[in-house]
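Biologist: Please put the model up. I have a few questions about its core, one helix and the contact between the chains.

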Amino acid sequence: MSAARKGALGRAVRSKGVIFGAVVMLAMLFVALAAPLLGAVDPVRIDPGCRNRAPGVECMTRDASGARVAMVPLMGTDSLGRDVYSRVVYGARVSLLVGLAVAAISISIGLAIGLVAGYFRWLDAVVMRLMDGLMAIPGILLAIGLVAAWRSGLWGGIVFAVILAIVVPEIPRVVRLVRSVVLTIREEPYVEAAISVGTPTPLILIRHVLPNTIAPLIVQGTYICASAMLVEAILSFLGIGIPPQTPSWGNIMAEGRTLFRVAPHNILFPGIFLAATVLAVNVLGDGLRDTLDPRMSKRV
Amino acid sequence: MSAAPGPVLEIAGLAVGLPAGADRARAVDGVDLTVGAGEIVCLVGESGSGKSVIAHGVLGLLPRALTIQGGAIRLQGEDLTAASAERLRALRCTRMSMIFQEPMTALNPVMTCGRQIDEVLQEHTDLDQARRRAKILEIMAQVRLPDPQRMIDAYPHQLSGGQRQRIMIAMALILEPALLIADEPTTALDVTTQAQILALIRDLQRQRGTGVLFITHDFGVVAEIADRVAVLQHGRLVEVGPADRILGDPQHAYTRMLVAAVPAMEPRQRDAPRDALPVLRTQGLGKVYRSRGFLQPVRVVEAAADVTLAVRRGETLGIVGESGSGKSTVARCIARLIDPTAGTIHLDDDEIGRLGRFRLRPHRRRVQIVFQDPYRSLNPRRSVGASIVEGPMNYGVSRAEAQARARAIMETVKLDPAALDRYPHEFSGGQRQRICIARALAMEPELLIADEAVSALDVSVQAQVLDLLDQIRRRLDLAMLFITHDLRVAAQVCDRVAVMHRGRVVEEGPTTRIFSAPAHAYTRELLAAAPGRGYRFARG
């Protein structure tokens, strides 16, 4: 067993996709956590004298003590004179948090519901109709409602409301995916064999059914993670997501949209970070799916 | 069709390369084979021997990873290895055509059968619609489809397996090709249907003088249909000759082994039955499926009805029948994988047919089942050892003890105990089936059910697994329920046989009596349809 695990891990480490994805993701995490150490200034500080500066163009501003100093914004400044570099670096926190949290929460809830709904036929009809109902709720409308109703400060404030608003419509999709896998796996002779050697049902689900759902779930998870970051950007753009002063990649882009032609850097830099992260998550997911399957061991 | 001078198909020194990392460098190597006009050449060999590669190579349908590295394939003198894709397309159906193993997947489910045959005519002829329709009706009558006027507008799912295969044959033969390649065309069919399809292929081929390259793994079929036989092993032809000689007096060691492994139709001499008490008794066992749809009428399917059987210790009871006869339903009811809707199941004195999940649990151990498909019977993500120790550990055996037991059982099924740490994909089909048997035996069952347990295996491997099962039965004094569609296999391993037809047991008795003096009409029909029944294969 441990030898096999080591094998899977070894294969994962040797896979180029996994290495690329993991390195980019770790770099992004590092950026998010170590933002103050990376030369970023206060991302919400407004400086009317330094608006819409292109990257690398010097402008005069005041430092914390009020003295006038020259600064060279690495990625330019936005329409309120905030430093885009600092905003992008701090924005990684919100974007990654939303992406990873949405993926983790919707996958775990969806997996549990899907396993049970797929395996126990009598539950299936009820659960799936509930999921259909959930799918019928427009995501944007739900977000508006949630954010409006949310008392800020409750459980991490508005960010949590946004996460919840993205999680709810994702759950039925995960449930459907898991259920469809379970429906085919439960008919496999090895599951019947497990029944006839007296394996209790919860163990059958965990040992024999669950592992088969992992590969599609990893892919689905990366997709959810990537799309959650994008949905968060959309919500922010509509003004119902993260409050505009809090930087998130979506927020920065949404704000830069109006002046896109004059100051493209407002969209370009957060866009690059977002695209790189989404790509890394997808590549990582594909790589993991391939390498975690023991059947792949001969081919690698 | 006038026969061309020389052979219809001539394969000379054919070599097809496999991609790097395969178990051998070439799928087929140095194959020389001819098919004459009006001749049926059977290409036999075990799975992976390269039979289908040859067939697909002739038609120019090889997957891109497989490349022809040498040799020539000549169809009526024209070298196909040099032909363009365009030319090959023009030749398919007009001068060479193919029928496939699985008639359901080879036909397009959303097109009527008539349209699918019509496609061939549209592509390769200039006939107008009325003439095409007339020609289709004519060929449908020739392949003995009942009521062609109705069948021409039927969709594939409305037809039986045999009828679908007739449509495939009609499609293949409508333009009177010189060469017909049949790739296991009857493997997916029941024996009675198989007998009809074989007769049909033979008749049409005789009338038209078609050369047939017939691929099969079944020596019964070979005996039934072949003029000449070519034996393929690991991509090389080991022996080619007239059917009578190959089957009756094979020269090459591999051919001798293959032919000797074909189970005989005559029942083997068994030990005299003992008067032991039955381990398993079913009384009036039945299973009815009811489909309830919202606002839909209830559909009732009677999968099994009034099945009364008994199996004693040390005895093998065979259940034979065609697909859909209910034999697997009975097996699955007895193993309680599905719930019977009528009747009783007794294990010794315990009635288990109606027990709920929790009260059934202690009895589950006593009945174990080995399934047909060795590739799906083992969880690909768990090591072989984990699969075998799972059962005993469910019943409170410690891990160490279960592992010790697993090692001992691996020796019983003649596998290396070191293999316990490996994963199913590292084993061949026969080895996996041994692992499944080991998993069942680890439970120390009283009744072992083998549900088509050797049907997916090559004939030589099949013989080994059958021997193994028989040895185990004798050594452990097991009661065994052996479910098979293959009468030859039943003749070899069963003490008694129950014949099932449409969910009911139509006849039951000692194997020798059933085979020598079948009482029921259906049993007689089944026995008469067994391919190569009158043939005496050379014994090794």
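Biologist: Which residues does V162(A) touch, leaving out those up to four places away in sequence?

Modeller: This is a predicted model. Contact here requires C-beta atoms within 7 Å. With residues up to four places away in sequence left out, V162(A) touches V98(A), A143(A), V147(A), E232(A), L235(A), G241(A) and I242(A).

Biologist: Which helix gives the most to the largest nonpolar core?

Modeller: That core has 227 residues, and V162(A), L213(B), F214(B) and L481(B) touch the most other members. The top contribution, 18 residues, comes from residues 84–119 of chain A, helix α3.

Biologist: How many residues of chain B are in contact with chain A, and which element gives the largest share?

Modeller: On chain B, 26 residues are in contact with 19 residues of chain A. Elements giving two or more residues to that side of chain B are α13 (357–364), β16 (367–370) and α14 (384–394). By class, the side has ten nonpolar, seven polar and nine charged residues. The count for chain B is 26, and the largest share, four residues, is from α14(B).

Biologist: What span does helix α17 of chain B reach, and what is expected?

Modeller: Helix α17 of chain B covers residues 459–476, 18 in number. Its buried residues include V459(B), L466(B), L469(B) and R473(B). From first C-alpha to last the helix reaches 26 Å, close to the expected 26 Å.

Biologist: Which residue just after α17(B) takes a positive phi?

Modeller: The phi in question is about 55 degrees. The residue just after α17(B) that takes it is D477(B).

Key:
Residues are numbered from 1 along each chain as its sequence is written. Chains are lettered from A and ligands numbered from 1 in the order in which they are written. This is a predicted model: local features need pLDDT of at least 70, side-chain atom pairs count only at pLDDT 80 or more; totals for chains, interfaces and linings use all residues. Two residues are in contact if their C-beta atoms, placed from the backbone, lie within 7 Å. Ala, Val, Leu, Ile, Met, Phe, Trp, Tyr, Cys and Pro count as nonpolar, Asp, Glu, Lys and Arg as charged, and the others, Gly among them, as polar. A nonpolar core is a set of buried Ala, Val, Leu, Ile, Met, Phe, Trp, Tyr and Cys residues joined through C-beta atoms within 7 Å. A residue is buried if 20 or more other C-beta atoms lie within 10 Å of its own, exposed if 12 or fewer, and partly exposed in between; C-beta atoms are placed from the backbone. The expected span of a helix is 1.5 Å times one less than its number of residues.
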